[in-house]
Amino acid sequence: CFGALGTRLVVLQIFEGASYDRLASNQRERAVPFPARRGAIFDRSGNPLAISVDLQTIYADPALVEDAAAEARVLARVLGRSPLKLETLLRGDPSWSRFEYIARRVSPRLSRAVEALDLPGIYMKPEPKRFYPNGALGAQVLGFVGSEGSGLEGIEAQYEDLLKGRAGRMTLEQDPSGRPLPQADLAWRRPDPGRSLYLTIDKDIQFQTELFLEAACRRYHSDSGNAVVMDPHSGDVLAMASWPSFDPNHFERATEASYRNRATTDVFEPGSSYKIVTASAALEEGVVTPRTRFTVPDEFAYEDRVFHDSHYHATERMSVSEIIEQSSNVGTIKVGLELGSRRLDRYVRKFGFGSPTGLGFPGESRGLVLDLDEWSGTTGATVPIGQGVAVTTVQ
């Protein structure tokens, strides 16, 4: 008998000692996380666009709940929840479940009401909630934060590593009833708050842009629209609006299509605004000067297509300045043909088309620019006037 006992002790203490030591540590050790405060987002003048506020989260330790059914009925009246669902959470499985969420980030009124009940096994801890004080203003730019505090869209997702900070953590030892052991080791790591961001967005310009964009979309019965206001001297984006929009405080009520920052994700043929690229390239290469004249009819046949100006006019001699001023398709095509497809393609790319803008915004499109070896017969005439390419509004 003594030999058998000795052998068993050797097995337990030497061969299986490490696993039992881990099991004992898991039973008595408890880790309590302390979330870090997420960094704020401000406009260029310091007006808050996204902030974090501390609310109370209610949770239960099923091992310390004395009467799950009775407590569930009381909590249900205060929280407006189903008593049966609450009872399931409160019962849990005391052998392994020591933490069950009851309600996360409740209002101060509700947290005070639950605290006043003083129910066994029911506790509260502060948890930050993301709040957007201006509602839908700049929603697609800012994005939103999910229930676990991580950025899911927009700036919130793009700068997640900078904004989120590092959560704190306290590790303590407790007895089977959940009471801390006074002489046990206590490990504490302080939470590091996230860093804040200042955007180039101007809150007032953003508001006006969204106002007029929505009015225009409704007036013309448009499915969607976007607008960008930019400082041409610095490249600062002062406003970036998309419609339809949503309130990031209640993003779960919106459709995924409304989350999209259309100014950076949607592409379209730029048309006549692209003619300045053709003219700039021709001037830079010394192919033309602003006074160089071309014979410009109101229509022009190239390959298998006939290109027209926007209105009928007699054939006339027009300078490059007049071609751009009057937005002549025929005149711009002639400037582009004089420049040549190889040089035009090079300048299209030097202007940044076909590449991301550098904003780094999630889901930003590169646009669509054909490689030179993919140009067809009419591409040499369509690209100079902004057809056969696709760009984003920011580009």
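**Close-up views of helix H1 and the nonpolar cores**

**View 1. Helix H1 is hardly covered, with 0 buried residues (under 20% relative accessible area, 1.4 Å probe, protein chains only) among its 14 residues.** The model is predicted, with local features needing pLDDT of at least 70 and side-chain atom pairs pLDDT 80 or more, while totals for chains, interfaces and linings use all residues. Residues are numbered from 1 along each chain as its sequence is written, and side-chain values use heavy atoms, without hydrogens and water. H1, a DSSP run (helices: H or I, at least four residues; strands: E, at least two), reaches 19 Å from first to last C-alpha, close to the 20 Å expected at 1.5 Å a residue (1.5 Å times one less than the number of residues).

**View 2. Val10, Ile14 and Phe15 make a nonpolar surface patch of about 340 Å².** Patch residues have over 30% relative accessible area and no salt bridge, nonpolar side chains being joined within 5 Å. Ile14, found in H1 (residues 2–15), counts as exposed (over 50%) because its relative accessibility is 61%.

**View 3. The largest nonpolar core has 23 residues.** Such a core joins buried Ala, Val, Leu, Ile, Met, Phe, Trp, Tyr and Cys residues through side-chain atoms within 4.5 Å. Ile41, Ile155 and Leu199 have the most contacts inside this core. Strand E3 (48–60), helix H6 (139–142) and strand E10 (237–243) each give two or more residues, and H6 provides the largest share, 3 residues.

**View 4. Ile155 touches residues including Ile41, Val141, Leu163, Leu199 and Phe361.** Contact means heavy atoms within 4.5 Å, and residues up to four places away in sequence are not counted. Apart from the largest core lies another, of 17 residues, among them Ile58, Val106, Leu119 and Ile122.

Technical notes:
Patch = residues over 30% accessible without salt bridge, like charges linked within 9 Å, V, L, I, M, F, W, Y side chains within 5 Å. Areas by Shrake-Rupley, 256 points an atom, 1.4 Å probe, with all protein chains shown as cover. Salt bridge = Lys/Arg side-chain N within 4 Å of Asp/Glu carboxyl O.
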